[in-house]
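Please find below a note for a colleague at the bench. The points are numbered for ease of reply.

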Amino acid sequence: MTRRNFIKYSILSSLSVSPLFAKDDRVEIFLPPKKLNYYHLKGKKAGGRVLIIGGIHGNEIGAYKAADLLIDNDLKKGEMLIIPRSNFTSILANVRGYNGDMNRKFNYISKKDPDYYYVEGLKEIILSFKPDVVISMHDGYGFASKSKRAWGQSVVIDELRYKNFDLYSPAKFVLDNANKYLKYKVALINTKTFSGKIHPEQKKALTGWCLENGVKAFCIEASKQLPTLKEKVFTHLVMLREFFKLYNIEFDGGNDRLVKNFDLSLGDKPKLILDVNGKKITLKNRDILKVKKGSIIKVVDIDGKRGDFIIPVGVNLNWSSFHFRNLSFNIKRDYKKIFSIDIRSV
Ligand SMILES: [Zn+2]
């Protein structure tokens, strides 16, 4: 497994809004950039090329957790790129779209939009990786098999067929086989993005953009209303296993292993490593940190798992540096608060 970051986008995404104050007695803090991390798995044997995208909607926990679980496995056959947290700001806030719906920005996005570098980064990664298929993962509302307005528990296609792409047959294969293992059955949704009038907004979505740019793409959705996170993740992994069959992807130890005994436990808590006026401080638990007025604090590292980050309470999450006198910070693992610290200037 190799881990790479899109350096270009990492730098651009660290754009910060630093108010133009004269040097004052307040504390200034510098948070790390929220990188668009992607993870590359490559098997020794030739197979298909699959690109997995999770977390475009930040409150769809089953989707990004399932994508994240794939990363710690080794591939035997084929090649895979996994972007589990496409919209990390929204994941940390645990909302659909902290800066509006990211999945409506793929046909056009303003350079001023805080999501700009993530959306453009995703597009660039897709076009440079040249996958056989993109799978965009979501947790939708309700149950598609029971209501026409629900998106939960489904495979979503933009058309039965789009140009050279047969979208219906692979989706049908995934549905039929996945349903053998699922208590909450998945259904097919065809949005008729290009031929119909009901879902024109889907042209702005990731899969619509992919198709228009010659890349085959599907959405898979668990339901937000499944009783547990484990069942949401299971739904995703069972559907992915069928896509992996279709696209000639094989993990070490077999693909069945993915859906069994996956670990959602919290594990080790993160450590927060700060540089306060040039001095290193490590914090592991709830704490009150008193610093001198005018101090400069840099968050050196959040030593933990993927998805660990520090966010200020009550401050715009797009900012990566700002001034304050007294402020609380939450150290989170994705949506979950692990501990908090209060920084007070004295
Ligand atoms: Zn979604």
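Does glutamate 79 count as buried or exposed, and why?

1. The model under discussion is predicted. In it, glutamate 79 has a relative accessibility of 13%. Buried means under 20%, and glutamate 79 therefore counts as buried.

2. Glutamate 79 belongs to strand E5, which covers residues 75–83. With residues up to four places away in sequence set aside, glutamate 79 is in contact with His40, Leu41, Lys42, Gly48, Arg49, Val50, Phe129 and Ile249.

3. Methionine 80 also merits attention. On the same basis of leaving out residues up to four places away in sequence, methionine 80 touches Tyr39, His40, Leu41, Val50, Ile52, Leu70, Leu75, Phe129, Phe244, Ile249 and Phe251. His40, Leu41, Val50, Phe129 and Ile249 are thus named among the contacts of glutamate 79 and also among those of methionine 80.

4. Methionine 80 is a member of the largest nonpolar core, which holds 42 residues. Together with Ile52, Leu70 and Phe244, Met80 touches the most other members of that core. Helix H7, residues 229–246, supplies the largest share of this core, namely 7 residues. Another core, of 31 residues, lies apart from it; among its members are Leu274, Ile302, Val315 and Ile341.

5. An annotation should be read beside these points. UniProt, in an unreviewed entry, lists residues 46–252 as "domain: D,L-carboxypeptidase peptidase". In the model, the C-alpha atoms at the two ends of residues 46–252 are 14 Å apart. Helix makes up 32% of this span and strand 22%.

6. How many cavities of 30 Å³ or more does a search of the whole structure find? The search finds 2. The largest cavity has a volume of about 40 Å³, and the second largest has a volume of about 30 Å³.

7. The lining of the largest cavity consists of Ser86, Asn87, Phe88, Thr89, Asn99, Pro114, Asp115, Tyr118 and Asn318. By class, these lining residues are 3 nonpolar, 5 polar and 1 charged.

8. The second largest cavity is lined by Leu31, Lys34, Phe309, Ile310, Ile311, Pro312, Asn316, Leu317 and Trp319. Its lining divides into 7 nonpolar, 1 polar and 1 charged residues.

Terms used. Residues numbered from 1 in each chain as written. Predicted model: local features only at pLDDT ≥ 70, side-chain atom pairs only at ≥ 80, totals over all residues. Heavy atoms only, no water. Helix = DSSP H or I, 4+ residues; strand = E, 2+ residues; numbered from the N terminus. Buried < 20%, exposed > 50% of the residue type's maximum accessible area, 1.4 Å probe, protein only. Contact = heavy atoms within 4.5 Å. 1 Å grid on protein atoms, 1.4 Å probe; cavity = no way out; pocket = protein on both sides within 12 Å on 5 of 7 lines; lining within 4 Å. Points joined across faces, edges and corners; volume = space filled by probe spheres on them. Nonpolar A, V, L, I, M, F, W, Y, C, P; charged D, E, K, R; others polar. UniProt positions renumbered as here; feature names shortened; annotations may be inferred. Core = buried A, V, L, I, M, F, W, Y, C linked by side-chain atoms within 4.5 Å.
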